[in-house]
Amino acid sequence: MDELIFKPAYQLARMIKERQVSAVELLEAYLNQISRHNSHLNAICTLNDKALETAKQADEALAKGENWGLLHGVPITIKDTFETKGLLTTAGYEPLKNYIPKEDATAVKRLRQAGAIIIGKTTPSQLAGDYQGINDIFPVVNNPWNLQYTPGGSTSGGATGLTAGFSSLELASDIGGSIRHPAHFCGIYGLKPTDRRVPTTGHIGDTTNMDFRCIRQMLTVGGLARSIKDLQLCIKIIAGADNRQPDIPPVPLDEVEDINLEHLRIAWTDELSLYPVAREIKLAMQSVRDKLVDARVNVENWIPKFDFAKAWQVYYAVGTYNLMYTQPSDLKNISFMWREATKGDKGLRKLSQIPNLVLPIFLKQSLKGYFTVLTERDNLIAQMDRELEKWDVWLCPVAMTAAFTHRLKGAAIEVDGRKVPYMMANGAYLVPFNLTGHPVVVIPIGFTSDGLPIGMQIVGKRWKEMELLSIAEKLDEVIGGFRSSDLFKQQ
C-alpha cells in the first residue's frame with residue numbers, strides 16, 4: 001500500500017473509477033499511515049470520523065454507475081483554517097478550540113461536490129500567522145525530512161502530511177507565503193492563485209462571531225500536492241464566482257495551447273540585492289538555469305524594475321488594516337503583526353521596519369490611511385504587470401534559506417552566518433506576490449548538503465493560472481527536482 005498512498009490524486013481518481021482500488025481500501029491505507037507516523041510529525045490535528053462511511057458510499061455509488069466528480073472517492077486533507085461542516089475547525093486558536101461549523105467553506109464544499117473524501121484537518125500555525133507550525137492547541141509540526149526542523153508555515157501540517165503519505169491533496173491558503181513556504185521546506189508542489197480567483201468564504205481569519213469581513217486583500221486559496229497535474233485538477237474544482245462572496249469575479253480559467261519551452265521567454269533571478277539568499281539556494285537556482293540552457297530554453301538573467309522596499313512596506317500596511325479588527329478583544333493574538341512589532345531583538349526589528357509600519361496604524365488608524373495604502377498597492381500591481389509583460393514566467397527563490405530548526409516565534413534566522421529578521425528571511429521573496437496578486441507555482445529543485453529540500457517560485461501573469469501551471473509542468477520535466485522521502489515508507 002505504500003506505493004499507492006504516494007501516488008498523485010489524479011491517478012488515484014482514475015484507479016478508483018477503473019475499479020483497480022476501492023475508496024475504502026485507499027482511505028484505510030492513508031489512515032494506517034497516519035496511525036503509524038502522525039505521532040512523530042503532528043501533521044493531522046483532527047480526523048474525520050465520518051470518512052469511512054463516506055468512502056463506503058462512494059464505492060456503492062460507483063457500483064451503481066454514479067460518478068460524483070473528478071475526485072470521486074479520493075481522500076484529501078483540509079488546512080484547519082477552513083470551516084468544515086460538522087468537523088472541528090480551530091485555526092490553532094484557543095477561543096476556537098471547540099468550534100464546529102454548520103457549513104463548509106466554499107472551496108471545501110466544491111471539493112466535496114467533486115467527490116473528494118476528507119480524511120481530516122491539518123495543523124496550521126496559529127491563525128495562519130507564522131512560518132512554523134506552532135499554535136496554542138496542538139503539538140508543534142515537524143519537518144518530514146528532519147524532525148528537528150520546521151516544515152514551514154502556515155500550512156505546516158498539510159505540507160508535512162503530503163510528504164509523509166497522509167493524503168493525496170491539501171486545500172491550503174496563502175496570505176504571506178503560507179502555501180509556497182512549506183512547499184519549499186518540504187520538497188513538494190504548491191499553487192498560490194491570482195488574488196480573488198478562488199473564494200475565501202469560510203476561511204478563518206475573522207473570528208466567527210463578527211458581523212463584517214476584515215480580510216479583503218491578499219488572502220488566496222490554493223493547493224499543495226505531489227504533482228503539478230494535481231494542482232491543475234484542484235484549481236479547476238475550487239475556482240470561480242461565489243454568491244456568498246460577491247467580490248469574486250466570474251472570470252473563467254484561461255485556456256492553454258501546447259507549450260513549447262523553446263518558444264518561451266523566461267526571466268531568472270537567483271538573488272535580489274535587498275535580500276541576500278543562502279549560498280545553497282543560489283547554487284540550486286544556478287543549476288536550474290544551467291539545465292534549462294542545456295535544454296535550449298531561453299533563460300535570461302533579470303532584475304525587475306520593481307520597488308521591493310516599497311512593496312514590503314505596503315504589504316505590512318495593507319495587512320495591518322486587514323487584520324487589526326479580526327480579534328478586537330485579543331489584540332496580542334493578531335498573528336505576526338503584533339509580535340514582530342513589539343518582541344525580539346531591537347536591532348533586527350529596526351532592520352525589518354515592521355514596528356515603524358505597524359504600530360502607527362494600530363495606534364491611529366484612519367479611513368484616509370487605508371485608502372492611501374490601497375492606492376499604493378494599485379500602483380505596485382501595475383508596476384509588476386508592466387515588468388512581467390515581456391516574459392512568459394519569472395523564476396526566483398522562495399526564501400532566503402531552506403528549512404531551519406525549531407525556534408521561538410520571531411527568533412532570528414541565520415543566512416550563511418549572518419542574522420536576519422525572522423519575517424524578512426522567510427517572507428521577503430513571498431509577500432510581494434500577495435501584495436500584487438500574481439499567481440505563483442512552487443516546484444522542488446534540489447536539496448541542501450544536509451538533505452533538506454529547496455524549492456523555486458515560478459511567477460506568472462494575473463488570471464493565467466492554467467498557462468502558468470502548464471509552463472511549470474514543462475519546466476519540472478527538465479529540472480527534475482522532486483524526490484519522495486523514504487523516511488515514512490515501510491521497509
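The following exercises, each with a worked solution, concern the domains, salt bridges and selected residues of a predicted model.

Residues are numbered from 1 along each chain as its sequence is written, and side-chain values use heavy atoms, with hydrogens and water left out. Because the model is predicted, local features need pLDDT of at least 70 and side-chain atom pairs count only at pLDDT 80 or more, while totals for chains, interfaces and linings use all residues.

**Exercise 1. The two domains**

Determine how the protein chain is divided and how many residues each domain brings to the contact.

Solution. Step one is the division: domain 1 covers 4–306 + 381–479, and domain 2 covers 308–380. These bounds come from an automatic or database domain assignment. Step two is the contact, defined as heavy atoms within 4.5 Å. Domain 1 contributes 46 residues and domain 2 contributes 31 residues. Step three is the separation: the domain centres, taken over C-alpha atoms, stand 25 Å apart.

**Exercise 2. The area between the domains**

State the area buried between domain 1 and domain 2, and name the three residues of domain 1 that supply more of its share than any other three.

Solution. The size of an interface is often given as the accessible area lost when the parts come together. Here, buried area is the accessible area (1.4 Å probe) that two parts lose on being put together, summed over both. For domain 1 and domain 2 the value is about 3200 Å², and carbon and sulfur atoms give 65% of this area. Of the area that domain 1 buries against domain 2, 20% is supplied by Q217, M423 and L435, more than by any other three residues.

**Exercise 3. Polar links between the domains**

Count the salt bridges and the residue pairs in polar contact between domain 1 and domain 2.

Solution. A salt bridge requires a side-chain nitrogen of Lys or Arg within 4 Å of a carboxyl oxygen of Asp or Glu. The count between the domains is one. A polar contact is a pair of N or O atoms within 3.5 Å; within protein, one must be able to donate a hydrogen and the other to accept it, and residues adjacent in sequence count only if both atoms are side-chain atoms. Between the two domains, 15 residue pairs meet this criterion, both residues being at pLDDT 80 or more.

**Exercise 4. The surroundings of E465**

Decide whether E465 is buried or exposed, and identify the side chains with which it makes polar contacts.

Solution. Buried means under 20% relative accessible area, exposed over 50%, and partly exposed in between (1.4 Å probe, protein chains only). E465 has a relative accessible area of 0%, so it is buried. Its side chain is joined to that of T194 by a polar contact of 2.5 Å, and to that of R197 by one of 3.0 Å. Residues up to four places away in sequence aside, E465 touches P193, T194, R197, D254 and P439.

**Exercise 5. Salt bridges in the structure**

Give the total number of salt bridges, then describe the pair R196 and D247.

Solution. The structure holds 16 salt bridges. In one of them, the side chains of R196 and D247 meet at 3.4 Å, N to O. The two residues lie 51 residues apart, so the pair links distant parts of the chain. R196 is partly exposed because its relative accessibility is 24%, and D247 is likewise partly exposed at 24%. Salt bridges that share partners join R196, R213 and D247 into one network.

Conventions
Helices (H or I, at least four residues) and strands (E, at least two) are DSSP runs, numbered from the N terminus.
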